[in-house]
Amino acid sequence: MTKASQIPNPKNFYRLPFEKGTFELTEQTLNLNSDFRKPNYFYSIKVRNIHFRNEILTLGVKLEDEQEKLIYLKVTQHELLVSCNVDTDSGYLSRYAYFGLLSLLDFGRKKCFKKYYWPDFFDPKTGKSKFLKIYNDRMGLDIYIKPKYPHFYKPGDKLIKWHRGNENSKRKPATPLLTDELPSSEPAIGYFIADVKLSSIHSNHYPFLVPFLGIPTKDKQRIKSYVSILLSENDLQSIDITPTQQQLNAICFRMRKLAPVESRNWQTEFSPNSDEKENGSLLMELWHEAKPIIQSQKYIHYYNTHGLVYLPRRPSRNWVRSCAIRTESPKLVILLIDKGEYYLLELRFRVNKKLHIPEKTDIAFFICGTTDPKKLYLLDRFTDYQLTSYFAMYKYRLAVLKCHYRDELKDFVEKLATDFELIKNQ
């Protein structure tokens, strides 16, 4: 078996371009760069992982009854660099490199190499990384960031594509209405914050307000059973409601029209298109219109819809939890902390001069603290939501190696400093 101690000469790497905006190598690209083709008969190709050091994945490739040869792969932002311990150079792709890569392609005739993209995370002298844990066993080769480190930004990672919309940048604090004198008849009307995880595969949607009917306890302090969700104005015709509730119901049905977004595969992060962003911006304005009215109502609950297709059903108590929408407006704060070899960006929010750590929640347009996650604070602007949803993907902590703190990321942070409070902690 061939030893894996050889170090490829950087000049001998052949460059294969990825599909634009991805780390995917396709069979078409591979064939455009080689005259080799797999025979029509059974052709034995065996590939094994040897190690991943100094950004280079070393594979052993055995073709038919030939001796195993080594190929070396290095993933860059736009290209896959390929070398081999025989034949391959900057102008020629060896037979072993071609067939080794061909065997890695999936049923879609492509292969994503993103998991091997770790620029500058290795010590050039030792070939090892202090930041990564690398497992190589019969199940394959896995690479993880060590638990003591947060998620790291890498050059080319997606940043926020801001959507400003017609948001109110100088919003005045709303004065809550006095508690509504609720009708004494039963069932009583209450309101759900209808929500679902935005990477749901079931008829996805932004959070919106929806009225419901429920049976209150004798002291009228809580709902003991839920009767039905009110989906249209027609459902309200025979129900005794106050003028305030009538005003709030009208906002609810306007919200419902703006809330739907395209469903995603659960493995795909939520990335709204321009129309969905505009609808989200308009929906947030409706939330601010509704906020002082909501606080005049007695029965406000969080409700996980699990998708719009399930909303017409009778409410499930298991999908309901208590919450309270607070009067205060949260102000987002970014901490920039020098950690020696890297910078750490952490998201916080300020309420009444006190900094809070965000709770890891998926409720869009709202933020809550770890000390009391039932207290929901409505964000001021759609840009606030975009920032919180971005940081939420990384548990509100994003690290960046100092050598990567430049270009797009540096511009991104400097832009944040103009829109949000930035605290530098040396």
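Two strands count as paired here if DSSP finds at least two bridges between them. Keep that in mind as you move through this predicted model.

**Stop 1: the three-stranded sheet**

Select residues 366-367, strand 20. Add residues 375-378, strand 21. These two strands pair in the antiparallel sense, over 2 bridges. Click on Ile367: its bridge partner in strand 21 is Tyr377.

Now add strand 16, residues 324-325. Strand 16 runs parallel to strand 21, and 2 bridges join them. Here Ile325 has Leu376 of strand 21 as its bridge partner.

Step back to see the whole sheet. It is open, has 3 strands in the order 16-21-20, and its pairing is mixed. Strand 16 and strand 20 are the edge strands, and each pairs on one side only.

**Stop 2: the five-stranded sheet**

Which strand order does the open sheet of 5 strands have? Read across, the order is 13-12-11-14-15, again with mixed pairing. Select 223-229 for strand 13 and 320-322 for strand 15. Both stand at the edges with a single partner strand, so each has one side without a neighbour in the sheet. From one strand to the next, the twist averages 45°.

Go inward to strand 11, residues 188-195, and strand 14, residues 300-304. They pair in the parallel sense over 5 bridges. To find one matched pair, select Ile193 and its bridge partner in strand 14, Tyr302.

**Stop 3: a helix across the sheet**

Select residues 243-258, helix 3. Helix 3 lies across strand 11 and strand 12, the latter being residues 208-216. Relative to strand 12, helix 3 runs at about 130°.

**Stop 4: two helices in contact**

Keep helix 3 selected and add helix 4, residues 274-294. Their axes come within 10 Å and cross at roughly 165°. Angles over 145 degrees count as roughly antiparallel, so helix 3 is roughly antiparallel to helix 4. The crossing is left-handed.

Show side chains at the contact:

- From helix 3, take Thr244, Gln247, Leu248, Ile251, Arg254, Met255 and Leu258.
- From helix 4, take Asn279, Leu282, Leu283, Leu286, Trp287, Glu289, Ala290, Ile293 and Ile294.

Colour these residues by type. They divide into 11 nonpolar, 3 polar and 2 charged.

**Stop 5: a covered helix**

Is helix 2 mostly covered or mostly uncovered? Select residues 95-104 and turn on the surface. Helix 2 is mostly covered, with 7 of its 10 residues buried. The buried residues are Tyr96, Ala97, Tyr98, Phe99, Gly100, Leu101 and Leu102.

**Stop 6: a hairpin and its turn**

Select residues 45-53, strand 3, and residues 56-63, strand 4. They pair in the antiparallel sense over 8 bridges. Arg48 of this pairing stands opposite Gly60 in strand 4.

Zoom in on the turn. The hairpin has 2 residues between the strands. Most residues other than glycine have a negative phi. Check Asn54: it takes a positive phi near 50°. Next is Glu55, in the loop between strand 3 and strand 4. Glu55 is not a glycine, yet its phi is positive, about 75°.

Is Glu55 buried or exposed? Glu55 is buried, with a relative accessible area of 12%.

**Stop 7: a loop residue beside the turn**

Select Asp123, in the loop between strand 7 (110-112) and strand 8 (132-137). Asp123 touches Asn54 and Lys128, leaving aside residues up to four places away in sequence. Add Arg53 to the selection. Asp123 and Arg53 are 70 residues apart in sequence, but 9.2 Å apart in space, C-alpha to C-alpha. At 33% relative accessibility, Asp123 counts as partly exposed.

**Stop 8: another positive phi**

Finish at Lys220. Where is Lys220 found? Look in the loop between strand 12 and strand 13. Phi of Lys220 is near 65°, a positive value in a residue other than glycine. Lys220 is partly exposed, with a relative accessible area of 28%.

Terms used:
Residues are numbered from 1 along each chain as its sequence is written. This is a predicted model: local features need pLDDT of at least 70, side-chain atom pairs count only at pLDDT 80 or more; totals for chains, interfaces and linings use all residues. Side-chain values use heavy atoms; hydrogens and water are left out. Helices (H or I, at least four residues) and strands (E, at least two) are DSSP runs, numbered from the N terminus. Axes are lines fitted to C-alpha atoms, for helices over the stretch in contact, and angles run from 0 to 180 degrees between N-to-C directions. Contact means heavy atoms within 4.5 Å. Angles under 35 degrees count as roughly parallel, over 145 as roughly antiparallel, 65 to 115 as roughly perpendicular and the rest as oblique. A crossing is left-handed if the near helix is turned anticlockwise from the far one by less than a right angle, and right-handed if clockwise. Ala, Val, Leu, Ile, Met, Phe, Trp, Tyr, Cys and Pro count as nonpolar, Asp, Glu, Lys and Arg as charged, and the others, Gly among them, as polar. Buried means under 20% relative accessible area, exposed over 50%, partly exposed in between (1.4 Å probe, protein chains only).
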